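Here are a few exercises to work through with the model open in your viewer. Try each task before you read its solution.

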Amino acid sequence: MSAEADGLDIPVVWSEDCLLHEPGGEVWLGVQDAGTEVPERATVILRALRDAGAPVLPASRHAIADLHSVHHPDLVAHLASIWADWEAGGYVSEYGRDRVVPYVFPTAAMLAGLPARVPAATHGRVGLYCYDTMTLIGPGSWEAIRAAADAALTAAELIATGYTATYALCRPPGHHAGPDGYGGSCYLNNAALAAEALRQAGASRVAVIDIDAHHGNGTQAVFYARPDVYYGSVHVDPGAGWFPHYMGFAAERGSGPGAGANRNLPVAPGTGDDRWLAAVARLCQDVQRHGAEAIVLSLGTDAAIADPESPLQVTAAGYRAAGELIGGLGPVTAVQEGGYHLPTLGEYVLATLAGLQSGQAAP
Ligand code: SP5
Ligand code: ZN
């Protein structure tokens, strides 16, 4: 049975609030560029999945406390309030800064062993939580950030009601956001929240498989010392010069009780279907060995040939094949991460979900 012929049954969990985040670009190397993490990403994906027959379900509102399963309450409170503080501080009206962007970061090199204090000035404080200059906050950002987290939590909770696959159309994405910091166009870690929700719904072991073109440093950080949630990622090699630069190397295998439950498979720029799918298959073997009862798929489609943010060369057929492999592992909650080439984005997401459906239908 093919989803292309017979329709996609996987529910799409969605909130219109995800369109309210308008980062207005990214500051890269000191210059503000247009940026690629735009609201139209979500509308083209939604259109493609609706056209394929997928049912669309509303994201249900969750308590702020539910976000603390993954994130420090101070980060959540900061994200919820920083835009109001920024406006009240005159950064827009007096200084012409129409988005929140930090300029000082409390790196280890600056602190020299001292603890990071919470700065008195709002423009100092923003660097305590944000680790780059590409992840801007504007007037509607918090509503979208919260709605994306709601979508991921709802999609995970639907698994307990009998769905074997669900999809959260999250925007902004999440896998670069860690327990107490954000960056890489991500604010809250939607996939990690979904994994925690699956644990709380009774799965004793959960696996996150991350096929976004970039390493999900935030998800890795959340689960690095834990044996109950496996994290495995195939991504463009940070050692070859790619974001997130500081993490995502093969030697990172987990720590303490989590030793062995983290796997990074960096691939060279230019990697296409064959070597990328071999890495996905290796992650699937890991997941079977780990004994996960539920899977979260961090579904970034920026490994696509035409994507402007990565040098990988994976076809839509490659993503479909990845979906088939992952669908064979058990119940899957797919969570949207990156993917920036608007003309092909919908086709790639649909191909992956069709693969998941087909992999789950196979005997
Ligand atoms: C969720 C996700 O995919 N985040 C990726 C963030 C990676 N951003 C790196 C941006 C580097 C500067 N962008 C230059 C674009 C040139 N086309
Ligand atoms: Zn990415």
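Helices (H or I, at least four residues) and strands (E, at least two) are DSSP runs, numbered from the N terminus. The model is predicted, so local features need pLDDT of at least 70 and side-chain atom pairs pLDDT 80 or more, while totals for chains, interfaces and linings use all residues. Residues count from 1 along each chain as written, chains are lettered from A and ligands numbered from 1 in written order, and side-chain values use heavy atoms, without hydrogens or water.

**Exercise 1. Place the backbone oddities.**

Which residue does a cis peptide bond join to Pro244, and where is Pro244 found?

Step 1: the partner is Phe243, with omega near 10°.
Step 2: Pro244 belongs to the loop between strand 7 (229–236) and strand 8 (262–267).
Step 3: now try Arg171 and Pro172, also joined by a cis peptide bond, with omega about 5°. Pro172 is in the loop between strand 5 (165–168) and helix 8 (190–200).
Step 4: for a phi oddity, go to Ala112, a non-glycine residue with a positive phi near 50°.

**Exercise 2. Describe the largest pocket.**

How many residues line the largest pocket, and which lie nearest its centre?

Step 1: set the terms. On a 1 Å grid over the protein atoms alone, a pocket is an open set of points with protein on both sides within 12 Å along at least five of seven lines, a cavity is a set where a 1.4 Å probe fits but cannot get out, and lining residues have an atom within 4 Å of a point.
Step 2: the lining holds 46 residues, with Tyr131, Asp132, Met134, Gly184 and Phe243 nearest the centre.
Step 3: strand 2 (26–28), helix 6 (122–129) and helix 9 (217–223) are the elements that give two or more residues to this lining.
Step 4: the space in the pocket is about 1,200 Å³ (the volume filled by probe spheres set on the points, which are joined across faces, edges and corners).

**Exercise 3. Find the ligand's polar partners.**

Which side chains have an N or O atom close to a nitrogen atom of ligand 1?

Step 1: ligand 1 sits in the largest pocket (more than half of its atoms lie within 2 Å of the grid points).
Step 2: Glu26 has a side-chain N or O atom 3.1 Å from a ligand nitrogen, and for His176 the distance is 3.3 Å.
Step 3: on the oxygen side, a polar side-chain atom of Asp302 lies 3.1 Å from a ligand oxygen.

How values were computed
Polar contact = N/O pair within 3.5 Å; in protein donor to acceptor, adjacent residues only side chain to side chain.
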